[in-house]
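Got your viewer open? Load the model and get ready to click along.

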Amino acid sequence: MIRMVNLYAQYLSVKDEMDTAIDEVMRSASFIRGPQVGLLEQELAQFAGVSHCVTCGSGTDALLLSMAALGIGRGDDVIMPSFTFGAVAECVALMGATPVFADVNPLTFNIEPESVERLISPRTRAIVPVHLFGQPCDMSHLCDIAEAHGIAIVEDNAQSFGAGCRMNSGAMLPAGSIGKVGCTSFFPTKVLGGYGDGGAVFTNDADLATKIRMLANHGQKPKYHYRTPGFNSRLDTLQAAVLRVKLRHIADWTDSRVIASRRYDDALRGVAGISLPVTAPGVTHVYHQYTLRVRPDLRDGLKDYLGNHGIESMVYYPTLLCGQDAYKDISRTDTCMDGAQSLPQSVLSLPVCSHLDESDQNRVVAVIKEYMSLHAG
Ligand SMILES: Cc1ncc(COP(=O)(O)O)c(C=O)c1O
């Protein structure tokens, strides 16, 4: 089976380094708040070019902690894309605020700034751009909107760790370092993934970082003195040790995914019934996913055909958030969803990872071409 990601091959490529790092934690038996956690936070802050990084239990927790620290709650609106994973909407709703769903650009899959502008109201407290599939949103435009209305930006950078975004100033900034706060996930399949759950928050605001750190550790400061009700959301020392090893290889592994994506581009360009992923000008794409748009009447058939030939593919995401049971009665949605509405029926993500075998990739391409030549002609 050709899987979406091959995490075992990735592990084998750094086995000695990884086993040593894990062994060190086992010997120290310092499983919570061990020294590797602080070291990882320093390395991540440096990587992202921010002053503070606070690790936590998951990417969802990173979002939740950020929203709690910003005081987002009842009576507040938070604008987010309608086409994404459910974590942002969930966190907003759990804070008692209203999820407000914006349209997305059907080519880049990212939130459409014009839609965000239409949704701004006196209740808007934050915009959450989700840098989907490895590609940063149009952050210059979104920062202008946020600044004009005095609104915070909370970046959901769960899928685009290491991507870059050129701002109006000309500066190329790391995704996740641009807003008031940036959140990432270390879910195993992510660009920087652990061997379990994990997440982190990035910010240049020292007070916000302190608050998030306190909230993530039961709201206590110092120990057993509870300033506010908090959460138990800490990155395990073992995960920190794993992530420190992987961070050393992240540039090479990202290059491999970009190269594999270019190979898909070259091989699939011009195939009838398929549109290739589009990279917006001024951003670097790290291809967490390589996502095609397929003629909607052929998408499920192609997915099944790939599956029958031992090739995994995934539909990220099969429904818009605005229509989901959890949110349809407690949210607001842009009246225009022209960009987003066709995506659930057309998107198909192909295997892409740091250790995708080229011959496996050729097989994926051949099977896609075979199916499309039979059905899209
Ligand atoms: C866009 C996005 N946001 C947030 C999350 C939540 O991250 P986690 O699974 O670490 O809680 C994910 C993870 O799948 C994601 O893809």
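Here is a walk through the domains, the ligand site, a sheet and a few backbone oddities.

**Stop 1: the two domains.** Keep in mind that this is a predicted model. Colour residues 9-102 plus 110-247 as domain 1, and 250-375 as domain 2, following the domain assignment. Their C-alpha centres sit 25 Å apart.

Now select the contacts between them: 37 residues of domain 1 meet 30 residues of domain 2. On the domain 1 side, the elements giving two or more residues include helix 1 (7-13), helix 5 (87-94), helix 6 (113-119) and helix 9 (237-247), along with strand 3 (98-102) and strand 6 (164-166). Which element gives the most to this side? Pick strand 3, which puts in five residues. Colour that side of domain 1 by class and you get 17 nonpolar, 13 polar and seven charged residues.

**Stop 2: the ligand.** Select the residues around the ligand, 14 in total, and then highlight Ser58, Gly59, Thr60, Ala158 and Ser185, which come nearest. By class, the shell holds seven polar, five nonpolar and two charged residues.

**Stop 3: a three-stranded sheet.** Show strands 10, 12 and 14 as a cartoon: they form an open sheet in the order 10-12-14, with antiparallel pairing. Strand 10 (274-275) and strand 14 (347-350) are the edges, each pairing on one side only. Zoom in on strand 12 (residues 290-294), which is joined to strand 14 by four bridges. Click Leu292 and look across to strand 14: Leu348 stands opposite.

**Stop 4: the loop between helix 8 and helix 9.** Start at Pro222, which is found in the loop that follows helix 8 (206-216) and leads to helix 9. The peptide bond from Lys221 to Pro222 is cis, with omega near -10 degrees. Tyr224 lies in this loop between helix 8 and helix 9 too, and has a positive phi of about 70 degrees despite not being a glycine. Is Tyr224 buried or exposed? Tyr224 is exposed, because just 7 other C-beta atoms lie within 10 Å, and 12 or fewer counts as exposed.

**Stop 5: two more backbone spots.** Jump to Tyr317, in the loop between helix 11 (296-308) and strand 13 (332-333). The bond from Tyr316 to Tyr317 is another peptide bond that is cis, with omega near 10 degrees.

Finish at Ala29, in the loop between helix 2 (15-28) and helix 3 (35-48). Ala29 is a non-glycine residue with a positive phi, near 55 degrees. Ala29 counts as exposed because it has 8 C-beta neighbours inside 10 Å.

Terms used
Residues numbered from 1 in each chain as written. Predicted model: local features only at pLDDT ≥ 70, side-chain atom pairs only at ≥ 80, totals over all residues. Pairing = 2+ DSSP bridges. Near = placed C-beta within 6 Å. Nonpolar A, V, L, I, M, F, W, Y, C, P; charged D, E, K, R; others polar. Domains from an automatic or database assignment. Contact = placed C-beta atoms within 7 Å. Buried ≥ 20, exposed ≤ 12 C-beta atoms within 10 Å, placed from the backbone.
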